[in-house]
Each structure stands twice: as structure tokens, then as C-alpha cells.
Amino acid sequence: MKRTGMTRSLDTLGRIVIPMEIRNSMGIKIGEPLEFFMNVEKGFMGIGKYSSGVSCNLCNSFQDLTYFNSLLLCKQCILDLKGNVGVSPIPAPVVKQPMYKEKKVNRSTQELVESLRRLVREHPAAKQNEYAKRLGVSQGRISQLKKLL
Ligand SMILES: [Zn+2]
């Protein structure tokens, strides 16, 4: 909200003229309903375009309104829609393909798997921590490697 510097006096019937500059910059046309707002404590009132939902859902026009699939639209917007006026196609949303991560097995892992395979073959009764000790890796690593066996 900014001060416009424009002032008008009420006439004897309580009317004011809304300056043309304000009407133009607000896009208010003659005959358009306006709504009053007020804040008594602050001694402030404002005027806004009246929109109670009884205006076109697309352009806020009040003329030639019709319901179109439960949306209130004006005749002009319906015509525009019929003629595809102002329609710009929206590209279909790109659906992200789910990423299937290939299990990357690097060389050292492959070597470890080979060693573990050998160890398991030679010492099938050994415990996980013994394999870990022999291969010089953690027990957690052994259980990971076992899945790759
Ligand atoms: Zn409209």
C-alpha cells in the first residue's frame, strides 16, 4: 500500500471520484463493482475490486457468466478456451526412471571375495571373526562379502 498523493473531497451525497490514474493502474472499469475495506481503529479505509467468487474464475470479469464444469467462467474466456486462444502446451512432466544401481564390485572386493571363498572352502566351520582376522577386514565386511559369494 503506497500513498498516491491524490486527494478527493466527498460531495454532498457522500460520493468521491476515483481518479482515472488510479482506476487505470488498478484495471478498474466503469460499472465494475468495488468493495470497501476499513480499519476503524487506524482510521483507514481502502477500496478493492469486488470478488466474491461471482466473477469469472479466469479473468475476474462479471459479464456473461456461465458455469462450465462447476467453474464460473465468462463468455469471452469460454470462447477463448474453445479457440485455444492463449493456450500454450505444457510439456508432459518427465517421469524419472527409478535408478537401478548396479552392484559395483571393485577389484579389491573381488579379490577379497575370492579369498573368502577359498577360506570358507578350507575352513567351513570357522566363525565370521576368524575369517575377518585372516583377511584383515572387519566382521561387518565379512558379512557384506558373504552376500557376494
Ligand atoms: Zn473470463
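**Exercise 1. Work out how strands β1 and β2 are arranged, and describe the turn that joins them.**

Begin with the pairing: strand β1, residues 34-39, and β2 run antiparallel to one another and are joined over six bridges, where two strands pair if DSSP finds at least two bridges between them. Strands here are DSSP runs (E, at least two residues) and helices are DSSP runs (H or I, at least four residues), numbered from the N terminus. The model is a predicted one, in which local features need pLDDT of at least 70 and side-chain atom pairs count only at pLDDT 80 or more, while totals for chains, interfaces and linings use all residues. Residues are numbered from 1 along each chain as its sequence is written.

Next, take one bridge: N39 has F44 of β2 as its partner. Then look at the hairpin of β1 and β2, where four residues lie between the strands and G43 adopts a positive phi near 60 degrees. Finally, ask how well β2 is covered: among its six residues the count of buried ones is zero, a residue being buried if 20 or more other C-beta atoms lie within 10 Å of its own, exposed if 12 or fewer, and partly exposed in between, with C-beta atoms placed from the backbone.

**Exercise 2. Find the surroundings of N60 and of N84, and decide whether each is buried, partly exposed or exposed.**

First, N60 sits in the loop between β2 (44-49) and β3 (65-68), and its phi is near 65 degrees, a positive value in a residue other than glycine. Because N60 has 13 C-beta neighbours inside 10 Å, it counts as partly exposed.

Second, N84 belongs to the loop between α2 (75-82) and α3 (107-122), and although N84 is not a glycine, its phi is positive at about 55 degrees. With 9 other C-beta atoms within 10 Å, N84 is exposed.

**Exercise 3. Name the residues of the largest nonpolar core, and say which helices supply them.**

The largest nonpolar core has five residues, namely L112, L116, Y131, I142 and L145. Of the helices, α3 and α5 (139-147) each supply at least two residues of this core. A nonpolar core is a set of buried Ala, Val, Leu, Ile, Met, Phe, Trp, Tyr and Cys residues joined through C-beta atoms within 7 Å.

Now follow one member: leaving aside residues up to four places away in sequence, L116 touches Y131, L135, I142, L145 and L149, where contact means that the C-beta atoms, placed from the backbone, lie within 7 Å. Helix α5 also contains G140, which counts as exposed because it has 10 C-beta neighbours inside 10 Å.

**Exercise 4. Describe the overall form of the protein chain, and explain why it is said to be more spread out than a compact globule.**

Start with the elements: the protein chain has five helices and four strands, in the order α-β-β-β-β-α-α-α-α from the N terminus on. Its radius of gyration is 38 Å, well over the 15 Å that the globule rule gives for 149 residues, so the protein chain is more spread out than a compact globule; the radius is taken over C-alpha atoms, and the rule is 2.2 Å times the number of residues to the power 0.38.

Two further values complete the description: the C-alpha trace spans about 110 × 45 × 25 Å along its principal axes, and 7% of the 149 residues count as buried. As a last step, consider the domain assignment, which gives domain 1 (20-82) and domain 2 (107-147), with 76 Å between their centres, taken over C-alpha atoms. These domain bounds come from an automatic or database domain assignment.

Definitions and conventions: Contact = placed C-beta atoms within 7 Å.
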